[in-house]
Amino acid sequence: MRVILTSAGLETEEIKECFVKMTGKKMANVKALFIPTAATDAGAIEVLPNGMVIGVSAGSLLFSNNLAGNLGLINTKLDVHCQEGETRGKLAYPLKDNVRLTNTCALVVRALPDELEIIGE
């Protein structure tokens, strides 16, 4: 499963370009599941085969250990809408206890455990 976890969605050109690169398609032709801020029921989420998942704000938290009944993708607390976020670049696994995202960065999960990266600032 390929996942982009964000605070504010496809806010920057870098995040949009990452999305297009990971799907190999133009934005108009992408099959993806967006998990919006209001999505808080992990049981209601369907992951599309060979697709992408993009978490936005609280939708990103469903993949971390912030909420009971989470999807358990990353074993860390995820903070969104932070003034200061993580330093861009590859992340070591296991992740530290808390990962912070600004509105202009994203946690990209290409494959666990070796392909995790912060993009943006």
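**Salt bridges and a buried threonine in a predicted model**

Arg110 counts as partly exposed, its relative accessibility being 28%. In this structure, which is a predicted model, the side chain of Arg110 meets that of Glu117 in a salt bridge, with a separation of 2.7 Å from N to O. The acidic partner, Glu117, has a relative accessibility of 18% and therefore counts as buried, since buried refers to values under 20%. The pair thus brings together a buried glutamate and a partly exposed arginine.

Side chains of opposite charge can pair when their charged atoms come close. The structure holds six salt bridges in total, and among them is the one formed by Glu14 with Arg88, in which the closest N and O atoms are 2.4 Å apart. Because Glu14 belongs to helix α1 (residues 13-23), whereas Arg88 is found in the loop between β4 and β5 (89-90), this pair ties together parts of the chain that are 74 residues apart in sequence. Glu14 is partly exposed, at 30% relative accessibility, and Arg88 is likewise partly exposed, with a relative accessible area of 42%.

A further salt bridge is formed by Glu86 and Arg100, for which the closest N and O atoms lie 3.4 Å from each other. Here too distant parts of the chain are linked, as Glu86 is located in the loop between β4 and β5 and Arg100 in strand β6 (residues 98-100), the two residues being 14 apart. Glu86 has a relative accessible area of 13% and is therefore buried, while Arg100, with a relative accessible area of 28%, is partly exposed.

With regard to shared partners, the salt bridge between Glu117 and Arg110 may be set beside a network in which Glu86, Lys96 and Arg100 are joined by salt bridges that have partners in common.

Lys96 also appears in the surroundings of Thr76, a residue with which Lys96 is in contact. Thr76 lies in the loop that runs between α2 (58-61) and β4 (77-79), and its relative accessibility of 1% is the reason why Thr76 counts as buried. When neighbours within four places in sequence are left aside, the contacts of Thr76 comprise Ser64, Asn65 and Asn66, together with Leu95, Lys96, Asp97, Asn98 and Val99. Thr76 is thus a buried loop residue, and one of its contacts, Lys96, takes part in the network with Glu86 and Arg100.

Note on methods. Residues numbered from 1 in each chain as written. Predicted model: local features only at pLDDT ≥ 70, side-chain atom pairs only at ≥ 80, totals over all residues. Heavy atoms only, no water. Helix = DSSP H or I, 4+ residues; strand = E, 2+ residues; numbered from the N terminus. Buried < 20%, exposed > 50% of the residue type's maximum accessible area, 1.4 Å probe, protein only. Contact = heavy atoms within 4.5 Å. Salt bridge = Lys/Arg side-chain N within 4 Å of Asp/Glu carboxyl O.
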